[in-house]
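Colleague: I have a model on screen and want to learn how to read a binding site. Please walk me through it.

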Amino acid sequence: MSDTIFDKIIDKSIAADILYEDDLALAFADINPQAPVHFLVIPKKRIATINDISKDDRELVGHLYWVAAQLADQKGFASEGFRTVMNCNEFGGQSVYHIHLHVLAGKPLGWPPYSDELKESLE
Ligand code: 5GP
């Protein structure tokens, strides 16, 4: 499995706006935000996609959600609400092959991702 840009953020060889760090996980602001608040929570262990999560990784993946909830509380958007998304492979829109939880907040967010407009444009 080859390195991704996130390995460089983990080892601090490239800069990121880091919001949280512990032995297992790192959270940092997304470089191209898609909402007023948009950050990523990643495991330090490199797991390429959701399809590569092993049985032993279950607690680690749960930890990513716990980090997201801690930051939502700290930053004051927990009760108004937010979106978490983990994209998988091409159809899921994944571009970095190191799993990451997107956390989006700050305004009401659109749903669904497969809208009538998109459906028509793909037909
Ligand atoms: P994906 O498309 O794989 O679900 O999400 C990858 C995310 O990583 C994108 O939202 C993209 O903006 C973000 N990203 C890609 N490269 C960098 C980077 O170098 N720094 C930061 N902070 N975010 C990045």
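**Reading the pocket and its ligand**

Modeller: This is a predicted model. Start with the walls. H1, S2, strand S3 (37-43), strand S4 (82-85), helix H3 (89-92) and strand S5 (101-105) each bring at least two residues to the lining of the largest pocket.

Colleague: What is the volume of the largest pocket, and how many residues line it?

Modeller: The volume is about 850 Å³. The lining counts 35 residues. Nearest the pocket centre are Asp 30, Gln 34, His 38, Asn 87 and His 102. Sorted by class, the lining holds 20 nonpolar, 12 polar and 3 charged residues.

Colleague: Where does the ligand sit?

Modeller: In the largest pocket. Its shell has 17 residues, and Ala 29, Asp 30, Asn 87, Ser 95 and His 102 come nearest. By class, that shell is 9 nonpolar, 7 polar and 1 charged.

Colleague: Which element gives the most to the shell around the ligand?

Modeller: H1, with 3 residues. Helix H1 (5-10) and strand S2 (25-29) each supply at least two.

Colleague: How do I read polar contacts to the ligand?

Modeller: Look for N or O pairs within 3.5 Å. In the side chain of Asp 30, an N or O atom is 2.5 Å from a ligand oxygen. For Asn 87, a polar side-chain atom lies 2.8 Å from an oxygen of the ligand. Gly 93 uses its backbone: a polar atom there is 3.0 Å from a ligand oxygen.

Colleague: How much of the ligand's accessible area does the protein cover?

Modeller: On its own, the ligand has 520 Å² of accessible area, and the protein covers 84% of that.

Terms used:
Residues numbered from 1 in each chain as written. Predicted model: local features only at pLDDT ≥ 70, side-chain atom pairs only at ≥ 80, totals over all residues. Heavy atoms only, no water. Near = heavy atom within 4 Å. Polar contact = N/O pair within 3.5 Å; in protein donor to acceptor, adjacent residues only side chain to side chain. Areas by Shrake-Rupley, 256 points an atom, 1.4 Å probe, with all protein chains shown as cover. 1 Å grid on protein atoms, 1.4 Å probe; cavity = no way out; pocket = protein on both sides within 12 Å on 5 of 7 lines; lining within 4 Å. Sits in = over half its atoms within 2 Å of the grid points. Helix = DSSP H or I, 4+ residues; strand = E, 2+ residues; numbered from the N terminus. Nonpolar A, V, L, I, M, F, W, Y, C, P; charged D, E, K, R; others polar. Points joined across faces, edges and corners; volume = space filled by probe spheres on them.
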